[in-house]
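Colleague: Could you walk me through this one? I'm new to reading structures, so plain talk, please.

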Amino acid sequence: MEQATPSGPTYTPISGRPVRWGLLAAGGIARSLAEAIAAVDGGEVVAVAARDGGRARTFADEFGIPRSYGSYAELIADPEVDAIYISSTHPFHRDQALACIEAGKHVLVEKPTTLTVHDTEAVLDEGRARGVLVMEAMWTRFQPVVLDALARVRDGRIGTVRSFHAAFPIPVDYDESHRLFDLDNGGGALLDLGIYPVTLAHLVVGHPTHVHVLGSRVATGADSLAALQWMTTDGAVVQVLTDSLSHGSTETIVRGTEGSIHLHGPVNNPTSFTVRRGDEEELVEGGDRRGYQHQVEEFHRCLAEGLLESPLAPHADTVAIMTILESARRELGVRYPQEDAPLHT
Ligand SMILES: NC(=O)c1ccc[n+]([C@@H]2O[C@H](COP(=O)([O-])OP(=O)(O)OC[C@H]3O[C@@H](n4cnc5c(N)ncnc54)[C@H](OP(=O)(O)O)[C@@H]3O)[C@@H](O)[C@H]2O)c1
């Protein structure tokens, strides 16, 4: 993959000292990132902010974080913070990311980067223009087991890829106020769950010429079921399913003219894979270290090298994947109330 070559402003690489992290929001996934940063070398969480200062303080006490704030603005203004991890729900990512970038902070932003293609481009463009690293927290892209399987596909181990199939159902009890179903809070299976198999398909077999979609919405108007199908520019067929209401297997299969690769375990965090070619069968184990640590390490590596984007998560791919999701979402008739809000730059 090509390295991004900064053409505009850039920054002094961060090496020889820990990256000083700030956590923007203190919800579910923020806990996992705090644990991941503590588990790897090269960084430390120095501050956390939540809308409620008391909750921020409790979070800080639990994770041994020195500073806590009851507003995001205080965190963004903290001169002792190098990088901010944004883990609010999706509708807030855009303006928060732009505010962090404007303050000169590097940004790791939860998936999806924003609600729309337009806003995702705006955030990523602004990051490059201001010379800071911006990366979508699409942790699947950084898992060694995924990169290992991808290398075999690219080396021609299974011949020419003919098809890719992945299903990612995660059953959530229906509750119209849950963020997966609440349109005001970015609800919808596509942006929350579908983004994983779509990312993997895009990574392994490539961009579509045209996306077909079937699916359904719940009473709130959010998509809960979506089956996407596309043909890539190289002639491979992709079939991807996501569902926020059903149970079942989440495995991934790539089929080629000489063999196949079967990724085992969750689509977003595979545990191992099997390569089959003729009579040969090889099981490749993913190792003990999965989860978010590889993503944090990649962010640290990019900062040490002064990169504006990770070669493992190029901005162009983030936008391309958002384009697929947006076309599917529109086809299903899902529209977010925030879609037409003006940018605050
Ligand atoms: N990478 C992964 O594996 C993974 C897993 C789960 C989620 N995610 C992503 O991470 C993001 C957050 O998910 P989560 O499960 O952590 O969600 P969550 O716990 O429901 O919410 C995260 C934070 O968002 C803010 N927030 C929630 N609802 C809000 C509202 N109505 N108005 C204003 N702020 C609100 C709150 O910030 P305060 O703490 O400041 O109040 C909350 O703590 C989503 O974009 C999701 O796609 C990623």
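Modeller: Sure. One definition before we start: the domain bounds used here come from an automatic or database domain assignment. Also keep in mind that this is a predicted model.

Colleague: OK, which domains is the protein chain divided into?
Modeller: There are two stretches to look for. The chain splits into domain 1 (19-137) and domain 2 (144-285).

Colleague: And where does the ligand lie relative to those domains?
Modeller: Look at who supplies the shell around the ligand. Both domain 1 (19-137) and domain 2 (144-285) give residues to that shell. So the ligand lies between them.

Colleague: How many residues surround the ligand, and which are closest?
Modeller: The shell is a mix, with seven nonpolar, seven polar and six charged residues. In total 20 residues surround the ligand, and the closest are Ala25, Gly27, Gly28, Ala50 and Glu110.

Colleague: How many residues of each domain are in contact with the other?
Modeller: The centres of domain 1 and domain 2, taken over C-alpha atoms, are 28 Å apart. On the domain 1 side, the touching residues are three nonpolar, two polar and one charged. The contact involves six residues of domain 1 and five residues of domain 2.

Colleague: Now the sheets. Which strands stand at the edges of the eight-strand sheet, and why is one side of each without a neighbour?
Modeller: That open sheet is mixed in its pairing, and the order is β8-β9-β10-β7-β11-β12-β13-β14. Its strands twist by 10° on average from one to the next. Each edge strand has a single partner, so one of its sides is left without a neighbour in the sheet; these are β8 (208-217) and β14 (280-285).

Colleague: In which sense do β8 and β9 pair, and what is the bridge partner of Val211?
Modeller: Strand β9 covers residues 223-232, and β8 pairs with β9 over nine bridges in the antiparallel sense. Within β9, the partner of Val211 is Trp230.

Colleague: What about β7: in which sense does it pair with β11, and in which with β10?
Modeller: Take β11 (residues 252-256) to begin with: five bridges join β7 (residues 161-169) to β11, antiparallel, and one of the pairs is Ser163 with Arg255. With β10 (residues 237-243), Phe168 has Thr242 as its bridge partner. That pairing, over seven bridges, is parallel.

Colleague: And the six-strand sheet, what is its order?
Modeller: The edge strands are β3 (67-69) and β6 (134-136), each pairing on one side only. Here the average twist is 25° from one strand to the next. Inside the sheet, β1 (residues 19-24) and β4 (residues 83-86) run parallel, joined by four bridges. The pairing is parallel, and the order is β3-β2-β1-β4-β5-β6.

Colleague: Last bit: are α5 and α9 roughly parallel or antiparallel?
Modeller: The axes of α5 (residues 117-130) and α9 come within 9 Å and cross at roughly 170°. An angle over 145 degrees counts as roughly antiparallel. That makes α5, relative to α9, roughly antiparallel.

Colleague: Which residues of α5 meet α9?
Modeller: On the α9 side you'll find His315, Thr318, Val319, Met322, Thr323 and Glu326. Counting both helices, the contact has four nonpolar, four polar and two charged residues. From α5 come Val117, Thr120, Glu121 and Leu124.

Colleague: And which strands does α9 lie across?
Modeller: Helix α9 covers residues 315-331 and runs at about 45° to β8. The strands under it are β8 and β9.

Conventions
Residues numbered from 1 in each chain as written. Predicted model: local features only at pLDDT ≥ 70, side-chain atom pairs only at ≥ 80, totals over all residues. Contact = placed C-beta atoms within 7 Å. Nonpolar A, V, L, I, M, F, W, Y, C, P; charged D, E, K, R; others polar. Pairing = 2+ DSSP bridges. Helix = DSSP H or I, 4+ residues; strand = E, 2+ residues; numbered from the N terminus. Axes fitted to C-alpha atoms, helices over the stretch in contact; angles between N-to-C directions. Near = placed C-beta within 6 Å. Parallel < 35°, antiparallel > 145°, perpendicular 65-115°, else oblique.
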